[in-house]
Amino acid sequence: MGCFDAGTCQKMTLQPLTPVNCGSLLQPGCSLLQLDGEVLLFGQKGWPKRSCPTGVFGVRIKRGELKLRPITFSNDSCYLPPLRCPAVCRLDPYDGLPESYLIHGGRTPNNEISSSLYLLTMDSRGCNRKLMVRCKEKELVAEVPGARYGHTMSIVQSRGKTACVLFGGRSYMPAGERTTESWNSVVDCPSQVFLFDLEFGCSSAHTLPELHGGQSFHVALSREDCVYFIGGHSLTSDSRPPRLFRLRVELLQGSPLLSCETLDTGLSISSAIVTRTGPSHKYIILGGYQSDSQKRMECSTVILHEKGIQFEPLEPPNWIPDIIHSRTWFGGSTGEGSVLLGVPTEGRPSQPDTHYFYKVSFHTEGERKDEDETQGCSQESTDYDNSTPLEDSEELYFGRDPHELEDSSDGDEDAYNEDDEEDESQTGYWIKCCLGCQVDPNTWEPYYSTELHRPAMIFCSRGEEGHWVHAQCMELSETLLLRLSEGNQKYFCSDHGGLPYQETTPPRQLLPLKRTPMKVKERKTPLRLKLSPAKKSFLRRLFD
């Protein structure tokens with residue numbers, strides 16, 4: 001068991017989680033981001049989901065339950081595709097700029113590899129604590145890195161300047177070498193280091209003799225002007241050698257100066273999960289693989305200091321049999337010292353979800369003691385005996401009604417619920433189309449890069465009730481499909497062919513209510529005199 005400091009040993013706990021109608025959205029290759037105290041899930045399957053067209057969800061873990069909330073994008077945001085295994089890099093606030101994330105590359109669900117660079121920042125947070133984010137695509141110039149996935153990005157700071165380092169990854173074979181048999185074969189990208197500034201997007205490629213053989217799904221940790229590349233998988237040798245490189249970047253006035261050295265204390269690991277355990281440069285490496293058929297069950301602490309890097313073993317939790325015997329696992333960091341871990345259910349028919357989920361927490365003995373003492377703090381209850389601790393991301397909001405709090409009874413309206421979605425296989429949501437439709441939803445192959453397991457649909461409001469039409473049958477371009485899918489509008493089409501023209505859905509016509517007049521109490525009615533026939537005859541002769 002390793003200790004960061006004397007008397008502060010790390011303790012590792014494993015807590016099973018119950019996904020609340022969202023287990024199918026977390027898949028291998030997804031990414032977890034921490035933005036403004038919120039944990040965001042990015043890169044999941046299921047686009048387009050009508051409850052969350054952006055494909056980004058907020059992750060909430062409470063009382064052993066895993067819930068997702070839809071995250072909205074600002075109106076000036078660009079489209080962010082569901083990318084798997086991209087390079088994700090966090091930018092801490094600096095020079096007045098807010099905290100943000102850089103996302104480069106990645107693999108789309110229909111096996112297209114991206115070369116785009118996105119910047120994800122927070123746009124605003126409403127009074128009901130809903131988070132709105134902004135996504136902008138940044139353009140790189142000069143020596144631009146090609147499309148890839150399984151690579152890393154890191155931030156370096158030198159001489160008062162800040163730059164981004166991109167390294168490793170995989171991509172398809174060059175166009176001239178691809179054949180019909182090897183069309184989808186991937187290769188390691190050339191061992192080049194790309195350095196680009198964040199302000200102007202100028203990129204430069206650097207080749208270093210120490211970096212060779214290709215490296216993918218490795219770990220990259222940075223401090224000041226140094227980046228450490230740990231482990232990784234090489235397709236050329238089909239191995240995971242215990243490699244460790246230290247890359248030093250000096251951002252000089254003219255051109256940058258890069259140097260690399262090979263260290264001896266590396267780890268044989270790939271696809272590992274890294275979480276930071278504090279504001280200093282202390283990390284924990286969890287999970288990953290030692291070989292194609294062997295997971296790495298050990299855990300390690302990593303400390304980056306001025307003199308170099310230090311590894312220390314960490315005692316893992318008591319892994320349960322489902323984790324030990326699983327072939328694969330995946331996950332990401334949900335904050336400092338916390339990891340969300342997923343393992344497949346291995347096709348058990350009794351299990352409705354495809355994965356088991358667990359929360360792995362790392363605490364020192366002092367932190368665990370403080371956590372036990374704060375069991376009486378709760379935002380929604382004054383019963384201190386049965387309350388739960390207040391998480392760091394749960395700020396108290398004064399001057400608000402109880403129903404506006406996130407954990408109140410009305411707070412689950414925005415939570416993602418798979419049961420709220422129509423069962424598209426049963427209701428025929430994907431089957432209603434024009435008579436000449438040739439799309440078979442049972443043997444569907446993605447046609448657009450934004451699709452996953454179901455074809456894209458556009459609602460046609462022609463007729464009384466309207467119906468759904470495959471976007472492929474309407475010969476829509478993907479750009480137009482994305483634009484039409486942004487608003488809550490319906491569209492007319494010309495015999496399900498050509499380009500539809502947009503028209504706002506007419507407002508629903510409400511029939512006037514039939515109002516019955518209310519009876520007024522003590523209403524005076526005119527008096528009627530009851531006259532005998534003799535008196536009636538007398539009065540008639542009198543007035544005649």
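Here is a short chat about ring pairs and one sheet in a predicted model.

User: Hi! What should I know about the model before we start?

Analyst: The model is predicted, with local features needing pLDDT of at least 70, side-chain atom pairs counting only at pLDDT 80 or more, and totals for chains, interfaces and linings using all residues. Residues are numbered from 1 along each chain as its sequence is written, and side-chain values use heavy atoms, with hydrogens and water left out.

User: Cool. How many aromatic pairs are there?

Analyst: Three aromatic pairs. Rings of Phe, Tyr and Trp (its six-membered ring) pair if their centres lie within 6.5 Å; planes under 30 degrees apart are stacked, over 60 edge-to-face, and the rest tilted. One of them joins tyrosine 149 and phenylalanine 217: the centres are 6.0 Å apart and the planes at 70°, so this pair is edge-to-face.

User: Are those two buried or exposed?

Analyst: Tyrosine 149 and phenylalanine 217 are both buried (under 20% relative accessible area; exposed is over 50%, partly exposed in between, with a 1.4 Å probe and protein chains only).

User: And how are tryptophan 319 and tryptophan 329 arranged?

Analyst: Their ring centres are 5.6 Å apart with planes at 70°, so they are edge-to-face too. Tryptophan 319 is buried at 13% relative accessibility, and tryptophan 329 is buried at 5%.

User: What lies over the face of tryptophan 329?

Analyst: Lysine 295 does, at 5.3 Å from the ring centre. The rule asks for NZ of Lys or CZ of Arg within 6 Å of the ring centre and within 35 degrees of the ring normal.
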